[in-house]
Amino acid sequence: MHRLTGSSYLNPCLLRMVFLSAVLCTSWFAHTARAQVTRVSFSPRSDDAGIVVRLHTSSRVQAFAEAPSSDAENSFVITLFNTRLDPLRVTAPPLDPVTSYRLREDGGHTTIRLALDGNVVETSSYRDAGSTDILIGIRTQSPVDRARWVLDTIVIDPGHGGQDLGARGPHGEREKDIVLAVAKKLGAYLKQLPDVEVVFTRTTDTFVPLNERGRLANEAGGKLFVSLHANSAPDRRAQGTETFFVGMHKSDAARRVMERENEVIRFEEDASVYEQYSPGDLVRLQLAQSAYMRHSETLASEIQSQFRDRVGRRNRGVKQAGFYVLWSASMPAVLVELGFLSNSSEARFMASDEGQTYLASAIFRSIRAFKESYEKGIHD
Ligand SMILES: [Zn+2]
């Protein structure tokens, strides 16, 4: 949505059809004078989210088409068929986000190419209702949107805590301790980024109910929610990292992780709050998170790549499951399983200061990369 979409350009095939019909029109209307482009002017949109470019014409333009351009991200090209440039045309200086523009007459058609800065969300061309002019609407991120797209508050959620120990390792390692240590290292890295505020759902060995974690994140104005956990499996050979985002679990393995992590509600005084999560509510909550799903998935896969490439972890992939803790956060949200505490060597690695540093810095690099692309609004 926040990028120039290919759909705002006619595909070459369609363009040929438009061209053909324009040629037909040309012979049909050969006796009429060709419309002239007399003036180009720029005006801000009334909602302050972009501009309108007006191509003033002396009479009705029979056909026009947006053209695919080689650098589609940064320019907008439109051809007005069977028109010519008025030698006495008036051209105005461009207005942001148009950085420059060019008019060209070629083969009986006029082409206008607008160079755009990176802030453009959408472009469209249409006929003006009250004149023969052709208008080009260029929408940019509004100041409000821009503020919304700054990823300035990051919520780190170390899973479990207090009486809820989480998974256990063979040498007494405890999930709640490991994830808190990694969370603190990650937070220290993130605080080095300019203008980033880090919010923790817990900084001590305390128990925080799952829905309370999401509420804390929302109240803090969080823009990203990262929940840290460690895995466990009956098969002690199981190893590797996996990162989840909210959705319907697609495998039994994903469901088992979800059930295990959701199970902590047994420690909560009022577990009845989760009874609202009937299958129908699951769909409702999923919809609430779905606005962020694409971003969550992007971050999840970035984290998995970093774990694999920079920490040498086995990549178990990006998965979807219905975690209570992710549902409650109204922002892109992921749940990271740092490794298997049931696996002896992974338990040692996760409990070591070095292992925790590696894991935290991998997540940090992922968030930093995600933040950059998120704020540009350009990633898929
Ligand atoms: Zn956990």
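## Helix H3, its surroundings and the sheets

Helix H3 (residues 175-191) has 17 residues, which at 1.5 Å a residue should span 24 Å, and because its end C-alpha atoms are 24 Å apart, the two values agree; the expected span is taken as 1.5 Å times one less than the number of residues. The model is a predicted one, in which local features need pLDDT of at least 70 and side-chain atom pairs count only at pLDDT 80 or more, while totals for chains, interfaces and linings use all residues. Residues are numbered from 1 along each chain as its sequence is written. Helices (H or I, at least four residues) and strands (E, at least two) are DSSP runs, numbered from the N terminus.

Among the buried residues of H3 are Glu175, Lys176, Val182, Leu186 and Leu190, where buried requires 20 or more other C-beta atoms within 10 Å of the residue's own, with C-beta atoms placed from the backbone. The buried residues of H3 pack against strands E10 (153-158), E11 (197-200), E12 (224-231) and E15 (333-340), and against helices H8 (344-351) and H9 (353-376), contact being defined by C-beta atoms, placed from the backbone, within 7 Å.

Val182 also belongs to the largest nonpolar core, which has 61 residues, and is one of those touching the most other members, together with Val226, Phe323, Ala333, Val334 and Ile363. Such a core is a set of buried Ala, Val, Leu, Ile, Met, Phe, Trp, Tyr and Cys residues joined through C-beta atoms within 7 Å. Leaving aside neighbours within four places in sequence, Ile363 is in contact with Leu186, Val226, Ile303 and Val336. Another core, of 20 residues, lies apart from it and includes Val61, Phe76, Leu80 and Ile112.

Strand E13 (residues 241-246) has 6 of its 6 residues buried, and is therefore largely enclosed by the rest of the structure. Its pairings are tabulated with that of E8 and E9; two strands pair if DSSP finds at least two bridges between them.

| Strands | Bridges | Sense | Partners |
|---|---|---|---|
| E13 and E14 (residues 315-321) | 5 bridges | parallel | Phe245 and Gln320 |
| E13 and E15 | 3 bridges | antiparallel | Glu242 and Glu337 |
| E8 and E9 (residues 134-140) | 7 bridges | antiparallel | Ser125 and Ile136 |

E8 and E9 are part of an open sheet of 5 strands, ordered E5-E1-E2-E9-E8, with mixed pairing. Strands E5 (83-91) and E8 (120-127) are its edges, each pairing on one side only. From one strand to the next the twist averages 25 degrees, with axes fitted as lines to C-alpha atoms and angles running from 0 to 180 degrees between N-to-C directions.

Definitions and conventions: A residue is buried if 20 or more other C-beta atoms lie within 10 Å of its own, exposed if 12 or fewer, and partly exposed in between; C-beta atoms are placed from the backbone. Two residues are in contact if their C-beta atoms, placed from the backbone, lie within 7 Å.
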